[in-house]
Amino acid sequence: MCGIVGYIGKKNAKPILINGLSRLEYRGYDSAGIATIEDDKIEVVKSKGRVSTLESIEDIKNLKGTIGIAHTRWATHGKPSKENSHPHFDNSKSFAVVHNGIIENYIELKKFLTNKDYKFYSETDTEIIPNLIHYYYSNDLNDDSLKFLRAVTKACSELKGSFALEILSKFNPTEIIVVRHDSPLVIGKGDSENYISSDIPAILSYTKDFYILNDDEFGILTSKTANFYDSNLNKINKKAVNIDWNSSSAEKDGYEDFMLKEIYEQPNSIRETIGSRISLDSKCYIENIDFTKRFLKSINKIYIVACGTAMHAGLCGKVVLEDICGIPTEVDIASEFRYRNPIIDEKTLVIFISQSGETADTIAALKLSKSKGATTIAITNVVGSSITREADYSIYTHAGPEIAVASTKAYTAQVVLLAILAIYFAEILEINSDKLLKLKKSILELPSLVKEVLKNTDDIKDFAKKVYKEKDMFFLGRGIDYTVAREASLKLKEISYIHSEAYPAGELKHGPIALIENDVTVVGILTDSHLSKKTISNLQEVITRGAKTFIITNQNVDNDFDNVIKIPKINTLLSPILSIIPLQLFSYYISKEKGLDVDKPRNLAKSVTVE
Ligand code: M6R
């Protein structure tokens, strides 16, 4: 997905911009570009390919300005190419723009500008923006200090879709204007300098103080000042907030890949997410939420809406919410939910889960739910992300920055937080306190049990070495184990490019068993003692047909299976947090055996900010 970096201060902007772009590489991109201002002239260097390709271009060596903007592009409109990469100029080279997001009405605006003799040199939706700014700027007869901003606000008022923008003007060579609308952007406050980025980790090594821009707010940044305005040019008072992320937590810390580091961070990310929310001698506490019994009694349905791994965490949340709160809970994929007129009203509670807090479909589903009167809760990992500005209530997983595209620690943190939320509801509803106490005890044991699972990884590695060349695999489970099968199957697809299917074990004989033949690998997850025997029978059926079996279990199972990975026993409602870990590692080791880029798998982006 596209990434934005900017700098204005006294230092040479180029190394700061390049460093920021490199830190955004994990988001996935196909081209990169940079623009700086020098002697009142905007210089642009851009290229298709990696940031290292951009760095090797001869022209970039001459960039010496102390003001600059930069971008990594993930193609949406037009192929990856130098012409389509950002920054984009207007025809007179007076304004340069980088843009994250999509302009939905760019064809109409292109026609409007073409009729005014503007020419276009790229296939992008972005190129209309600097030209539109130029149009408004050159038609403004007032020559006051807000002329540049006025042109930008007018241009933005014409744009439909999503955008985060950085804009340079040769008429105002000591300023950068920034704005966001449904696409993330933050400003880092330094000492006589300001940094800009679409992602906090990209500039975290320079500052920890951030101005969080809300939708339709504009910033005029100089080296010494950061002034903010609404779209009517009224000044907004904004205070910088301190973001308590350790900059080294965004680095690999000696691990070969971010994904491996993030898998091993799970004891800590789970501990942080539990925090002081759960204790054995007081009621569960969730900051920012103050639900009453009366309100919760009025709720007749909960929806959990999310995409990908976050949706899989939601499947675990459904099991816990229904089991301990007795409230019917449905889980839906955000891209489906938003277009299917779901039955929701003011008696519905909708929980949205998004690690990044920027997923376009999830945010659209949230807006839809609000418009129908539902109460909305966002569960996210990123403070100040877009989803938190839309939801009635926001709760944070404290997993720390997740850099690898394949989500691991965010998933386990989401599952833990959903269990905590269910306990919080159940305590308010005064439901079965004995059961709740047991669940609370189990939650508090999680960090040390996860640590234990992470100690024994040799068998997982060995099995990955045996099967990494395979083309298809199956993941089977029943009940909560089936939800883990789905997440494990997604993980394998994402980073190893092996086709896999997850099935409820009992469904196998209704069709998919036709695909089982000699040597196909079937992964079985067995943590629910009530269902294990049944799943074992289904696994026996695949063994009979020649399949190799890899079992993750906390039960005592016989030795018909080729490989058995034992994990500690825990309350079944929390078992996904332990059973997914060997399977995260399984995918990881397969990907490594295949020599693939674990952290940046092909075709995928970390944060999916377009639908
Ligand atoms: O940031 P989000 O949690 O909203 O992202 C949702 C999905 O795009 C994400 O979980 C995706 O499926 C991951 N690549 C899974 O590893």
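A residue is called buried when its relative accessible area is under 20%, exposed when that area is over 50%, and partly exposed in between, using a 1.4 Å probe and counting protein chains only. By this rule, 61% of the 611 residues of the chain count as buried. The model is predicted, and local features need a pLDDT of at least 70, side-chain atom pairs count only at pLDDT 80 or more, while totals for chains, interfaces and linings use all residues. Residues are numbered from 1 along each chain as its sequence is written, and side-chain values use heavy atoms, with hydrogens and water left out.

**The whole chain**

The chain holds 18 helices and 25 strands, where helices (H or I, at least four residues) and strands (E, at least two) are DSSP runs numbered from the N terminus. Its C-alpha trace spans about 80 × 55 × 45 Å along the principal axes. The radius of gyration, taken over C-alpha atoms, is compared with a globule rule of 2.2 Å times the number of residues to the power 0.38; for 611 residues a compact globule would have a value near 25 Å, and the chain agrees with this at 26 Å. Contact means heavy atoms within 4.5 Å, and among contacts between residues at least 6 apart in sequence, 71% join residues at least 24 apart.

**Lys-46 and the cis bond**

Lys-46 is found in strand E3 and is buried, with a relative accessible area of 15%. Its C-alpha atom is separated by 6.2 Å from that of Ile-34, which is 12 residues away along the chain. Leaving aside neighbours within four places in sequence, Lys-46 is in contact with residues including Ala-32, Leu-54, Glu-83, His-86 and Pro-87. A polar contact is a pair of N or O atoms within 3.5 Å; within protein, one must be able to donate a hydrogen and the other to accept it, and residues adjacent in sequence count only if both atoms are side-chain atoms. A polar atom of the Lys-46 side chain lies 2.7 Å from the backbone oxygen of Ser-85, and one lies 2.9 Å from the backbone oxygen of Pro-87. Pro-87 itself is placed in the loop between strand E4 (67-73) and strand E5 (88-89), and the peptide bond that leads to Pro-87 from His-86 is cis, with omega near 0°.

**Two positive phi angles**

Most residues other than glycine have a negative phi, and most peptide bonds are trans. Two aspartates, neither of them a glycine, have a positive phi.

| Residue | Phi | Loop between | Relative accessible area |
|---|---|---|---|
| Asp-39 | about 50° | E2 (31-38) and E3 (41-48) | 75%, exposed |
| Asp-216 | about 65° | E11 (209-212) and E12 (217-221) | 33%, partly exposed |

**Two further buried residues**

Glu-402 is placed in the loop between strand E20 (393-396) and helix H13 (409-428), and it is buried, with a relative accessible area of 4%. The side chain of Glu-402 reaches the backbone nitrogen of Ala-410 at 3.0 Å, and its contacts beyond four places in sequence include Glu-262, Asn-381 and Lys-606.

Leu-539 lies in helix H17 (residues 532-544) and is buried, with a relative accessible area of 0%. Among the residues that Leu-539 touches, not counting those up to four places away in sequence, are Leu-476, Val-522 and Phe-561. Leu-539 and Phe-561 are 22 residues apart in sequence, and their C-alpha atoms are 8.7 Å apart in space.
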